Amino acid sequence: MGLVKQTLSGVFGKAERVFEYAFGQRNNPFTWLGALGWYFYWITAATGIYLYIFFDTGIVEAFASVEYMTNDQWYAAGIMRSLHRYASDALVVVVILHLLREFAMDRLRGKHFFAWLTGVPLLAFIYICGISGYWLVWDKLAQYIAVATTEWLDTLPFFAEPIANNFLNSTTLGGRFFTLMVLIHIFAPLFMLLLMWVHVQRHSGARVNPPRSLAIGTLAVMTALSLVYPAVSQGPADLDTVPAVVSLDWFYLAGYPLLDVIPGGQLWLYVVIGFVSFALLPWLPPEKTAPVARVSLPNCNGCSRCFDDCPFSALTMVPRSDGRPYEAEPIVNADNCTSCGICAGSCPTSTPFRRAGPIEPGIELPDRTIGALREQVMAPLPCADGKPRVIVFACDHSNAELLDGDGVRVIKLPCLGMLPPSFIDYSLSRRFADGVLLAGCAENDCYHRLGNEWTMRRLARERDPHLRQRVPMDRVRLAFLPAGAHRRRAKALDEFRSALGEVVDE
Ligand code: HEM
Ligand code: SF4
Ligand code: SF4
């Protein structure tokens, strides 16, 4: 499994690099796949509502009403039809990439399992919505889908009468089944929306909107495509003849040719086994979970910064229980806590200054304490060649330990968001180092979702706890890069040390 993930992550790394050149790190579509999924869902829903105004739900009239939209009203309903088609195709593409990428980044195991598990039925719903949509056009493709799907469903022992009998010839066809498909095509997307909401319930402030430029750009491309290659039907369905050739939409219907080669019952078995194994991936192999965050009430003033910063909705503020004159205290929900340590980075009591004795902040990770972090900072950092000495605070998801060497100490944290800004001040003002490099995940792509964003905003003094004004910013540098970008990280360190050389000489 590890090898598959590694290979996939290498492929994504290369593809993302190309996109980063074209779009920049902030707008790289690979870092917005989940949000693009939401966006394409909304386009599909909005265009679907528009189409429904002109769509005739009678089985005889359906095809004619779609033809009217496509040909007579090509400039409005026709474009809407094409946008509906292309946005739903784009939804499949981004969701498949999204799940492959989450898998490659290993963001599905341990406490992350929830989004994966709720994603599995979402995938099935995307296909139910898409296939029922093709059915409604009632053209030759719809006829092929209707016959193939019902014959496949009939291999299940659930139906008293074979449902494929509805499609034997034009005299057996009733409107009942068609109405059922219309209802499925309306209610399945509504249920899917509910599942999408559940899917992000463990993410506080989930990123469900892509940046404006990406949203406008993708809509413009799909509109242009709609004008150049409008979605069209494939001739009216005629149950008295078998359609000789139909062209399939490979995004939704790629599995249909399998029905010609694999017996229906066997295919059901493969589908069920496929979905169950897919749903079990978060536990293959099970992840050894790290201890969750621990609150120390005597050191907590109830400021709720930890609650505001936790990316996984793992903290709740409840009325104070220890009689001290504060309103609230945080409690940790161990099921949600991913042990990212971001809460410790946001706590005002996580400061290396002031105390001579051991530090115990209001909240921290029991196995990676703020006290231990201070000891790592304070350890002597020799440099034989006289170059500026640098402390690199790096997250576990970069391979920054490779930078460790003469005059360079790499201090690993579960997430860069665990670093209280006062540690940067402490490292420089107490001369433990000449410069501080912060090596985190790529922008918008933090493994723990919000760690690098909070770090940037704390450094920019936009979010508590602020970096103090007195810290010379020419001695602090950010290197937010994808996990595998070791050469770029090493180059960033070299350039920083050279620049520091000039600052130190001044
Ligand atoms: C309509 C389909 C889907 C949409 C719109 C969607 C959207 C999203 C969004 C917005 C996020 C949160 C991103 C963030 O704020 O950091 C997310 C996370 C995630 N999704 Fe999906 N998703 C979909 C389908 C799937 C599927 C099919 C799977 C896999 C089976 C999946 C697995 C995940 C995982 C593993 C995460 C990250 C969990 C974590 O960081 O703890 N998603 N998704
Ligand atoms: S360690 Fe991370 S997930 Fe757990 S409570 Fe703190 S911020 Fe939330
Ligand atoms: S940030 Fe620290 S002081 Fe504030 S509520 Fe959380 S634990 Fe308490």
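## Worked exercises on a predicted model

Ser132 has a relative accessibility of 2%, so Ser132 counts as buried; buried is under 20% relative accessible area, exposed is over 50% and partly exposed is in between, with a 1.4 Å probe and protein chains only. Before we start, the model is predicted, so local features need pLDDT of at least 70 and side-chain atom pairs count only at pLDDT 80 or more, while totals for chains, interfaces and linings use all residues. Residues are numbered from 1 along each chain as its sequence is written, chains are lettered from A and ligands numbered from 1 in the order in which they are written, and side-chain values use heavy atoms, with hydrogens and water left out.

**Exercise 1.** Find the helix that holds Ser132 and the backbone oxygen that its side chain meets.

Solution. Start with the helix: Ser132 sits in α5, residues 113-136. Helices (H or I, at least four residues) and strands (E, at least two) are DSSP runs, numbered from the N terminus. Now look for a partner: a polar side-chain atom of Ser132 is 2.8 Å from the backbone oxygen of Ile128. That is a polar contact, meaning N or O atoms within 3.5 Å; within protein, one must be able to donate a hydrogen and the other to accept it, and residues adjacent in sequence count only if both atoms are side-chain atoms.

**Exercise 2.** Work out how β5 is covered and which strands it pairs with.

Solution. Take cover first: six of the six residues in β5 (390-395) are buried. Val390, Val392 and Ala394 point one way, Ile391, Phe393 and Cys395 point the other way, and all of them are buried. Then go to the pairing, which needs at least two DSSP bridges between two strands. β5 runs parallel to β6 (408-413) over six bridges and parallel to β7 (435-440) over five bridges. Finally, use Ala394 as your marker: its bridge partner is Lys412 in β6 and Ala439 in β7.

**Exercise 3.** Pick out side chains that make polar contacts with ligand 1, then describe the backbone of Arg449.

Solution. Begin with the surroundings: 25 residues are near ligand 1, where near means a heavy atom within 4 Å. The closest are His98, His112, His199, Arg207 and Arg449. Next, check the atoms. His199 has a polar side-chain atom 2.8 Å from a ligand nitrogen, and His203 has one 3.3 Å from a ligand oxygen. In Arg449, a side-chain N or O atom is 2.9 Å from an oxygen of ligand 1. Arg449 is in the loop between β7 and α16. Not being a glycine, Arg449 still has a positive phi of about 75 degrees. Arg449 is also buried, because its relative accessible area is 12%.

**Exercise 4.** Locate the nonpolar surface patch around Val276, and say whether Val276 is buried or partly exposed.

Solution. Val276 lies in α11. Val276 is partly exposed, because its relative accessible area is 44%. The patch covers about 580 Å² and is made by Met1, Leu117, Val272, Val276, Leu280, Trp283 and Leu284. Helix α11 (264-280) gives the largest share, three residues.

**Exercise 5.** Find the cis peptide bonds that lead into Pro285 and Pro465.

Solution. From Leu284 to Pro285 the bond is cis, with omega near -15 degrees; Pro285 is in the loop between α11 and β1 (294-295). Asp464 and Pro465 are also joined by a cis bond, with omega about -10 degrees, and Pro465 is in the loop between α16 (451-459) and β8 (476-480).

Notes: Patches are made of residues with over 30% relative accessible area and no salt bridge: like charges are joined within 9 Å, nonpolar side chains (Val, Leu, Ile, Met, Phe, Trp, Tyr) within 5 Å. Accessible areas come from the Shrake-Rupley method with a 1.4 Å probe; for residues, only the protein chains shown count as cover. A salt bridge is a side-chain nitrogen of Lys or Arg within 4 Å of a carboxyl oxygen of Asp or Glu.
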